[in-house]
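Colleague: I would like a close look at a single helix in this model. Please describe its surroundings as well.

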Amino acid sequence: MSAQDRPLLQGELRLAGRLDGRFFDLLAALALTGSLQKAARVAGYSYKGAWLVLDAAALLTHTPLLERTTGGHGGGGSRLTAEGQALLAAWRALQARHEAFLREQETWLATQPALDALLKRMSMKTTARNQFTGTVKAVQPGPSTTLVRMALSGGDPDISISLTTPAAEELGVAVGQEALALVKASEIVLVSDFAGYRLSARNQLAGTIARVERGAVSSLVGLTLPGGTTVTASVTNDAVDALGLAVGQQASACFKAYAVMLAVRG
């Protein structure tokens, strides 16, 4: 399953709070192979671990789930008791109902576009600490570079994004499109006083420092913009001390347009 096809709603089914899918994989493999050793390998248990989990389950059910068989061409083996077979059948039925329930909620979620978009943004996994949501406001294509201006959802100042024109064409960037702007914390420079100078960085977002999380070498500084958007910058501890960065202080988060990665829905 690709990342785009991954369901937004997931839930793990457990019986009695302990018996999960892996345990029932063990039961299913036992029913199929008649060998605890083979079944343990299939379900990812050691032989001893499989015995332990079966013993623990037997204490919950107050009846053995496995019985040994002797003789025969293979020299004996293991098989599920009637109670074990009934428990496995119950699990399969409940699992089918559980999956049907999740599919039903996915269908309902599709009728809630705002919530659906929010969950899809949350499901994206990236190392970039800053993920700004918004709408493409303008697209200025050039021979080699395209400049995109994105309006942030909270009404904060627009963000400028520079990407290659082939990349913009491949993404199909268009005005009105929902988008994400991804910026690494290390790409952001905090300025507390411009001292009359102007910077070449296209993005200069003024706000208030809301947190300073000091680490061994560097600190994460959170800057809250007027509309509520939070920008996180990675700053060396020496720079934090030199600038006297502290909660409540006014500062600007500055970053170049080409430091921003643009993401649009596929």
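The exchange below takes up one helix, then a strand and a sheet.

Colleague: Which residues of helix H2 (residues 36-43) are buried, and what do the buried residues of H2 pack against?

Modeller: Bear in mind that this is a predicted model. In helix H2, which spans residues 36-43, the buried residues are Leu36, Ala39, Ala40 and Ala43. They lie on the same side of H2, because the arc they cover around the axis is only 105°. In an α-helix there are 3.6 residues a turn, so residues three or four places apart point the same way. The buried residues of H2 pack against two helices, H1 (21-33) and H3 (47-61), and against two strands, S1 and S2 (77-80). Arg41 and Val42 are exposed and sit on the face of H2 turned away from its buried side. After H2 comes glycine 44, with a positive phi near 80°.

Of the strands in contact with the helix, S1 covers residues 66-69 and includes threonine 69. Threonine 69 has a relative accessible area of 25%, so it counts as partly exposed. Its C-alpha atom is 9.0 Å from that of glycine 34, and the two residues are 35 apart along the chain.

Elsewhere there is an open sheet of five strands, paired antiparallel in the order S5-S4-S3-S6-S12. Its edges are S5 (159-164) and S12 (261-264), each of which pairs on one side only. On average, neighbouring strands of this sheet are turned by 45° against each other, direction ignored. Within it, S3 (residues 130-140) and S6 (residues 178-183) are joined by six bridges in the antiparallel sense. Phenylalanine 132 stands opposite alanine 181 in S6.

How values were computed
Residues are numbered from 1 along each chain as its sequence is written. This is a predicted model: local features need pLDDT of at least 70, side-chain atom pairs count only at pLDDT 80 or more; totals for chains, interfaces and linings use all residues. Side-chain values use heavy atoms; hydrogens and water are left out. Two strands pair if DSSP finds at least two bridges between them. Helices (H or I, at least four residues) and strands (E, at least two) are DSSP runs, numbered from the N terminus. Axes are lines fitted to C-alpha atoms, for helices over the stretch in contact, and angles run from 0 to 180 degrees between N-to-C directions. Buried means under 20% relative accessible area, exposed over 50%, partly exposed in between (1.4 Å probe, protein chains only). The arc is that of the directions from the helix axis to the C-beta atoms. Contact means heavy atoms within 4.5 Å.
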